[in-house]
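The following exercises concern a single protein model and its bound ligand. Please work through each task with the structure open before reading the solution.

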Amino acid sequence: MLYDQIIVRYGDLTMKGRNRNQFEKRMLQQVKQALVPFGSVSYFKSFGRLYVRLNGQPYEPVADRLKDLFGITTISPVVSVQSELEEIRAAALSLMQSIEKPPATFKVSVKRAWKGFPHSSQEMNHLVGGHVLRAMENLKVDVRKPEIELKVDIQEEGTYVFWEIIQAGGGFPFATNGKVMLLLSGGIDSPVAGWMALRKGLEVEAVHFHSYPFTSEKAKDKVVDLATRLSYFSGAPMKLHLVPFTDIQTRLAQQKSDNIIITLMRRAMLRITDKLAERNGANGIVTGESLGQVASQTLASMNVIGRATELPLLKPLVMMDKQEIIREAEKIGTFETSILPYEDCCTLFLPKSPSTNPNLRVVEKVEALIPELDAMIDAAVEGTEVLVLTPSGIQTVHTEGEDDWF
Ligand code: ATP
Ligand code: MG
């Protein structure tokens, strides 16, 4: 096999004013964890880059995995050789010959980082380019717009020859920007919001409210699937909190304030999430809300609902169009799961005319008529089931109320 390493780049821009060492440490941790299934790979760090040594593994699956991680800007599969002219020439030629669709034009771009190398970059462009041209009859040089730019990076420890530069996830490595709770429904939007939070380097714990037996086991499985998919992008295990919401919903419904019932439910959800955040050391709440999508997502509704928590509410999709969100969901592979039929705990209680402009004082007055609400919220928190998910499935199951289970 030709390629023996993959260069992992993590752009300088994202590191401005940040602790670079910490960033790099997390990066390496994340990559190592994600590549555990590839057993034999090893790592080498140099000049703000990471080299994944394949040790005989085929490069595609490893590259595919790396491409979905955050904090990585680009990756390149490379052929590495000793920094010695004939070896470099041979590697360049076999790489050019291995390209599936033979290019008509190319150019060589040599970067000589190791000043001890005997030839200048200019000389090397000719020495390597000439060698390839002599062996490949139909190939021409085009310095302006070549089909392939063959890169030769000469370092003291070795020379890397490559042409592909593959875009990776961008953003920040996992857990470099703090922790949030993600309100994860079974819908299209919230998994996309979760993916965007992960891309920003947030550690994400998912929270799902279910109204068993009004909502089925299938609805729960679906959310487990979505959270599992998200854990693939984090490259780390992800907690999913399953909150029993039936009692609270039933109680709120008895209040006969149909037009604000969704407002009341959402506020209860936020109060529970707030408590889960405190217990788990999270400093914000992420939702999949998008302005104007439904009655509970008007600006006025968001205002009244949002006051139920003092934590920052992060709504990455707030200004996006549904079509854009759907495209993202398809790209990250959650769309197919999200469109499976399921019963959402809130649509079960959906009134005929939900208020698009709830009044905070009225909402607070109705809540004050339910003195047992506080205790019910505490009970929901205590009864919350916690799953720890990894891309390969459920790792452990606990109850929030248990002591010291982690
Ligand atoms: P989604 O596609 O994410 O379900 P949506 O457009 O259907 O969003 P709503 O159902 O109004 O909108 O929900 C708005 C947001 O509230 C969701 O994006 C999610 O963050 C949160 N949410 C709704 N239902 C639940 C639930 N059962 N458990 C956890 N979070 C929920
Ligand atoms: Mg929904």
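**Exercise 1.** Determine in which strand Phe209 lies, and relate this residue to the UniProt record.

*Solution.* This is a predicted model.
Step 1: Phe209 is part of strand β11.
Step 2: An unreviewed UniProt entry gives the feature "binding site" at Leu183, Leu184, His208, Phe209, Arg266, Gly288 and Gln297.
Step 3: From this set, His208 and Phe209 belong to the lining of the largest cavity.

**Exercise 2.** Identify the polar contacts that Ser185, His208 and Gly288 offer to ligand 1, using a cut-off of 3.5 Å between N or O atoms.

*Solution.*
Step 1: In the side chain of Ser185, an N or O atom is 2.4 Å from an oxygen atom of ligand 1.
Step 2: His208 places a polar side-chain atom 3.5 Å from a nitrogen atom of the ligand.
Step 3: Gly288 contributes through its backbone, where an N or O atom lies 3.1 Å from an oxygen atom of ligand 1.
Step 4: On its own, ligand 1 has 570 Å² of accessible area, and the protein covers 91% of that area.

**Exercise 3.** Describe the pocket and the shell of residues around ligand 1.

*Solution.*
Step 1: Ligand 1 takes up the space of the largest pocket.
Step 2: Two or more residues of the shell come from each of the elements α5 (189-199), β11 (203-210) and α8 (261-280).
Step 3: Strand β11 supplies the largest share, 3 residues.
Step 4: There are 21 residues around the ligand, and those that come nearest are Leu183, Ser185, Asp189, Ser190 and Gln293.
Step 5: Sorted by class, the shell consists of 8 nonpolar, 9 polar and 4 charged residues.

**Exercise 4.** Examine the backbone at Pro213 and at Asn55, and locate both residues.

*Solution.*
Step 1: The peptide bond that runs from Tyr212 to Pro213 is cis, and its omega is near 5°.
Step 2: Pro213 is situated in the loop between β11 and α6 (217-234).
Step 3: Asn55 is not a glycine, yet its phi is positive, at about 45°.
Step 4: The loop that holds Asn55 runs between β3 (49-53) and α2 (59-67).

**Exercise 5.** State which residues UniProt lists for "domain: THUMP", and give the helix and strand content of that span.

*Solution.*
Step 1: The unreviewed UniProt entry lists residues 60-165 under this heading.
Step 2: Within residues 60-165, helix accounts for 35% and strand for 27%.
Step 3: The C-alpha atoms at the two ends of the span are 13 Å apart.

Definitions and conventions:
Residues numbered from 1 in each chain as written. Chains lettered and ligands numbered in written order. Predicted model: local features only at pLDDT ≥ 70, side-chain atom pairs only at ≥ 80, totals over all residues. Heavy atoms only, no water. Near = heavy atom within 4 Å. Polar contact = N/O pair within 3.5 Å; in protein donor to acceptor, adjacent residues only side chain to side chain. Areas by Shrake-Rupley, 256 points an atom, 1.4 Å probe, with all protein chains shown as cover. 1 Å grid on protein atoms, 1.4 Å probe; cavity = no way out; pocket = protein on both sides within 12 Å on 5 of 7 lines; lining within 4 Å. Sits in = over half its atoms within 2 Å of the grid points. Helix = DSSP H or I, 4+ residues; strand = E, 2+ residues; numbered from the N terminus. Nonpolar A, V, L, I, M, F, W, Y, C, P; charged D, E, K, R; others polar. UniProt positions renumbered as here; feature names shortened; annotations may be inferred.
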